[in-house]
Amino acid sequence: MKETFLKARVGLTLGVLGIVFLPLGTFRPNRVVRGIPLDGEALLEGRILLALAATGLVTAAVIYALREREGKLFLLNGVPWMLSFVPGLLMLILSSARPVGGNFDLEVARMSLSSGYWLVFAGILMLQSGAPRGGVLMSLTVLISLAVLGFGLAPHLALYKEFMNIEVAFYAELRRHLTLSLASVVVALLPGILLGYICHRHQRLREWILGTVNLFQVAPTLSLLGLIMIPLTFLSRNIPLVAELGIRGVGFAPAFIILTLYCLLPITANAFSGFDQVETAVVDSALAMGMTRRQIFRQVLFPLALPVIFSGIRTAVTQNVGNTILAGLIGGGGMGALIFLGLSQSATDLVILGTIPVVLMALILDAVFKLVEERMTQRAGVTHDTLDAGI
Amino acid sequence: MLDSEGSIFGKMIIQILNANGIETVDKVNFGTPDILRKALENGEVDLVLDYTGSGQYYHPEDATDTSIWNDPQTGYDLTAKLDKEKMNLLWLTPASANNTEMIAIKREFAEENGIVTMEDLAGYINAGKPFKLICSAGFAENTMGLLGYEEAYNFKLRDDQLIILSSGNTAEMLKALSEGTNEVNASLVYGTDGALDKMNLIVVEDPAQVPPVYLPAPVLRGEVAEVYPQIEGLLKPVFESMDLETLQKLNAQVAYDGKDAAAVADAYLKENGFLK
Amino acid sequence: MISSVFLGDPAIDTINSAAAPEQGKFARHLKKWLVPGLYALGFLLWIFFFDEGLSALSPWLPKRAALQMRTPLHVLAWQHFFMVAVSTSLAVATSLLLGSLVHLTQSAELKSLVLSVSAIGETVPSAAVIALSVPLLGYGNLTCMLALYLYAILPVVRNTIVGMETIAHSVREAGTGMGMTRFQQFLHIDIPLAAPIILTGIRTALVINISAATIGATVGAGGFGVPIISGIRVYDPVMVVQGSVPVLFMAMFADKSLRVMTSNDI
Amino acid sequence: MIRLTQVFKAYGAQEALKGVDLEVPEGECAVLIGPSGCGKSTLLKTINRMVGIDSGRIEVNEQDIAGYQPELLRRQIGYCIQGVGLFPHFTVQDNIAVVPRLLKWPESQIEVRVKALMEMSGLPDAYRFKKPKELSGGEAQRVGVCRALAADPPVLLMDEPFGAVDPLTRERLQLAFMEIQRALKKTVVFVTHDVEEAILLADRVVVMNQGQILDAGAPGKFAGEVEEPFVKSFLGSEYPLKLLRRYSAKDIGLALLPAWRGAMPESGRRLLRMDSSLKEILSEMMRHGLQEVPVEVEVDRYVRVSYEDLAGHLKEVSKL
């Protein structure tokens, strides 16, 4: 794999900008008051060893990024690996840093990670993404940082304090989030694939089905969430069975229904184009050999369309993970509950705490699904470009 | 309950009930008060923390005389009666802290402009001096909220003098006020909001008593009350002990100091002998 | 939506192309714009006659709490429109520049950089971007517009790059063969041929933004999110409907009219 | 045998088949030929009910196909199409085995059958576990023929099966098919737009245009005068020349020809044999400006074939 130095250079620039011009952390005497920003200079003041190490690392990174060709120097190729530890180490340092002069209640005071820190983080990831085995490197960086947080090694970080406050709720909401975003896709699978098949078989219905399904995608999620409240409330009030099933105007049910409708489009549209890109000759010969429609669907159409359908499912999953946030507004739970709670309490760190899992979930699920998709495409023995089939 | 007060009360109720052998499921962060109310009516939760003044929203057809809500006792009685009859919901003893909606301004701003009451503030606004209020949509669009204030004190805010947030949580509004974000110089505040002192804010007095009285009280479903009749007795002393000052103090610990609501609740209950 | 390309769906795009050939050009135009026109009409009727309709219906509606809308609907409509229009057009300009830059430099590294950043950016939820911009930009529509701007860049830049990339090699070769300079090719071949795919990206961005702008109500940006979120909070269906329906119309109008523009059967 | 009586088929206002009568006797190969859109493919597809007919009657082996369930009918009729239509996710073996499996043959028997078919069509045994995309166009086409023959159907329908391969492969496939057909004697309906292919493979050439059969007969029939103007122009003025390729030296009746006398033509000249096509013989004459050439009938025994012999043969077959 060729190393891409552009990414390294852009990443390095971001990181240096972050360290020099932006605060790495903000020290807050309590949760709400305006904090005291700490930049790189303030952080290194009086710590000669740390300053030397930081200078050394930045210099190495600069040499690394300015090369024209892959260097033979083992040390230089190790730079991206070394950088993996930087975000985690910065957390440790920031957690123990205090502004000069001042007496703080350490039980209440906290250190928020600020724009500079996140820029450094992004820069390092970008630099690593261009290096050989970029995926492994980036995962390592993220894992180390998560470990520092998760094992409580940086107890004075605001992120950690917020996490400890809501630990039980955090895991519950995480589960809720995953359940909502994945289960709704699972429920949409069968109708989505069936609708795609109907689109493939009946030209006349195609426009109507795709048009309707598209409507759900176009409609603002929030307005759908609001609108679905009305019939659901009516149903649960008037039909006891519905209420017993736990279907109510607010909470899990409406969020689940809307998310299901929302992911119909990618699944249906991809199923349709998946079925449609199967060569007519293949379907014709299946028909001519005396396969029934059902046999053709099961043995020919479906396996051949599977990679494309799967890429639709991937799209549905990743978009659902993000959309599930809105469930937080109607009592459906999920990380949205934390994000909106953080927003309304002006607690930026809580918002970040809610956002990180969402981004990670989306990226991980996307990567896993992509891997499966590639395997599937290989197995199906076809080399069509699944990229084009997405919506 | 997305606010500190709800979390504290919620955790307290859970701890008290658990300590007395009643098993509970913690749904404290379930949703906004209005969503909780629906969930209670639908039987999805059994006990919520609610505010007496909210009765005006639940029974709009029976609450035409708004003055009912300005008195703590009549408001509580009417809500309790209507809820018992129509929904079989039981209002238990409320705390004696009025968590009503008022307007807060910075201390220096008040002193500079000699503002003590809403009348002073209305005069200031009507003089065309710079004013910007941050508040919730629920307050801005309520005839017993900002619309009521405007009528009672005879002033009118333009759209550009308002920042309306959809959430009803005052923490971010007070922060915006204390930091002067977007030139905000007034904010919605709840009676029990803590740490106004720390943030150097004061509440503007409201002689006309525009907003309803909001006393926090546990609301229990009738069927559950039949199974656990002891709940009422268990919660009564706790809620009676909570006056305005106590609640402000506890709220400040959670919303401003960022302490865990469960820990704050636990400490308070133990300190006052409700828990061992 | 990560790394999938926003291509128009041919089946939906051709709904309007069924116009019979003997019809005049004007009649075909009229037929094509009929549906978007209806959406626009619905939108306007809703905005200006909601109150009248509501009071006419009020005898049959359950009694509502003492809430009343402080901001009239048409002001909310303007706020919503303003946020979406400004942020989307800025984003389109940025992404066209960025996409063209990637295309003109033919740099694989730059392309991979832009595409992967945009793919990752898309996983950050818009609600979070809005929430995190508050300390930076304060309350109001600026915060919301920043989030919308960032969001709209992603689909447009991706479709610009992909659209220009998918132009058949032979077409460009023919251009070179006829003596076009690189810039002339860009102007006369790349841009017009990639236009439908770019427009599809713009459509996606616009629809996403109309939807995401509703969340702006949580940071005081106004727009149709105000009645929707308030309505959800106080559980008032009338308020929810009041805000939901016009956004729905707005989104459908944007989607449909851009589809009509993309279908090239005139 | 296959018999079509007054078959009509219309797609909306467009009439695809306008009263077609056709009979293909058992073991014969009928080649439908005509310009694109003439209805030849539609006609083919009516036979296995891929296309339903509006009126008329189609019999396969004396049975009206309307009485069959379409799937069951199709499993008894081999079918081979231009794009081959191999299932890309199946191996070669699985592709060939589709119909036998549909007919629930035991697996052991299927394997024997697949091996036999592949050997017959000249595919190496190792190909059994390849996927279609690993095959060349010609190989895929052979697999397609094997698949059509897999369940040993008495009737075979072929829709331009060799249309998409290069000329050289195509010729090889044609010869292979002729060999198979000679051995298996299936009743075949074959669609093509290539006159030479029709001449080579057909027992009967059926010329179609605009949904109708204009003329039908043995390939030789069209070597002489043709009345029908469309048939004449479609088959072309070079038809007799093309026809020469169908016949080989032994078809002329070499026993009656006089032995070659005189000097053998110069060395390095191509040796004509019994199985050389008449087209090759004519080419040889033209190449050297001769009226007659020697053809080897057995080792070191040559007969004299003259231009008149060729012309005479054509005249003879055209009377059949």
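**Notebook: a sheet in chain D and the contacts between chains**

I began with strand β3 (residues 29-33) of chain D, and I found that five bridges join it to strand β8 (residues 187-192) of chain D, the two strands running parallel. I kept in mind that this is a predicted model, and I then looked up one bridge by name: L32(D) has V191(D) in β8(D) as its bridge partner.

Next I followed the sheet outwards from this pair. I noted that six strands form an open sheet in chain D, in the order β6-β7-β8-β3-β9-β10, and that the pairing is mixed. For my own understanding I wrote down that strands of a sheet pair through backbone hydrogen bonds, and that they do this either parallel or antiparallel.

Which strands of chain D stand at the edges of the sheet? I found β6 (77-81) and β10 (212-217) there, and because each has a single partner strand, one side of each is left without a neighbour in the sheet. I also looked up the twist, which averages 15 degrees from one strand to the next.

I then asked what lies across β6 and β7 of chain D. Helix α6 (residues 137-149) of chain D does, crossing β6 and β7 (155-159), and its direction is at about 165 degrees to that of β6(D).

After that I turned to the chains as wholes. Four pairs of chains touch, and among these the most contacts are between chains A and C. I recorded 47 residues from chain A and 45 residues from chain C in that contact. On the side of chain A that touches chain C, the helices α1 (5-21), α11 (203-218), α12 (221-238), α17 (293-323), α18 (335-344) and α19 (348-380) each supply at least two residues, and the largest share, eight residues, comes from α19(A). By residue type, I read this side of chain A as 25 nonpolar, 17 polar and five charged.

I looked up the contact of chains B and C as well, which takes 24 residues from chain B and 23 residues from chain C. The side of chain C that touches chain B divides into 11 nonpolar, eight polar and four charged residues.

Which pairs do not touch? Chain B and chain D do not, their nearest C-alpha atoms being 50 Å apart, and neither do chain C and chain D, whose nearest C-alpha atoms are 17 Å apart.

Last, I checked the confidence of chain B, where the mean pLDDT is 85 and 96% of the residues reach 70 or more. Within chain B, confidence is lowest in helix α2 (residues 33-41), at a mean of 75, and highest in helix α6 (residues 118-126), at 92.

Key: Residues numbered from 1 in each chain as written. Chains lettered and ligands numbered in written order. Predicted model: local features only at pLDDT ≥ 70, side-chain atom pairs only at ≥ 80, totals over all residues. Contact = placed C-beta atoms within 7 Å. Nonpolar A, V, L, I, M, F, W, Y, C, P; charged D, E, K, R; others polar. Pairing = 2+ DSSP bridges. Helix = DSSP H or I, 4+ residues; strand = E, 2+ residues; numbered from the N terminus. Axes fitted to C-alpha atoms, helices over the stretch in contact; angles between N-to-C directions. pLDDT = per-residue confidence, 0-100.
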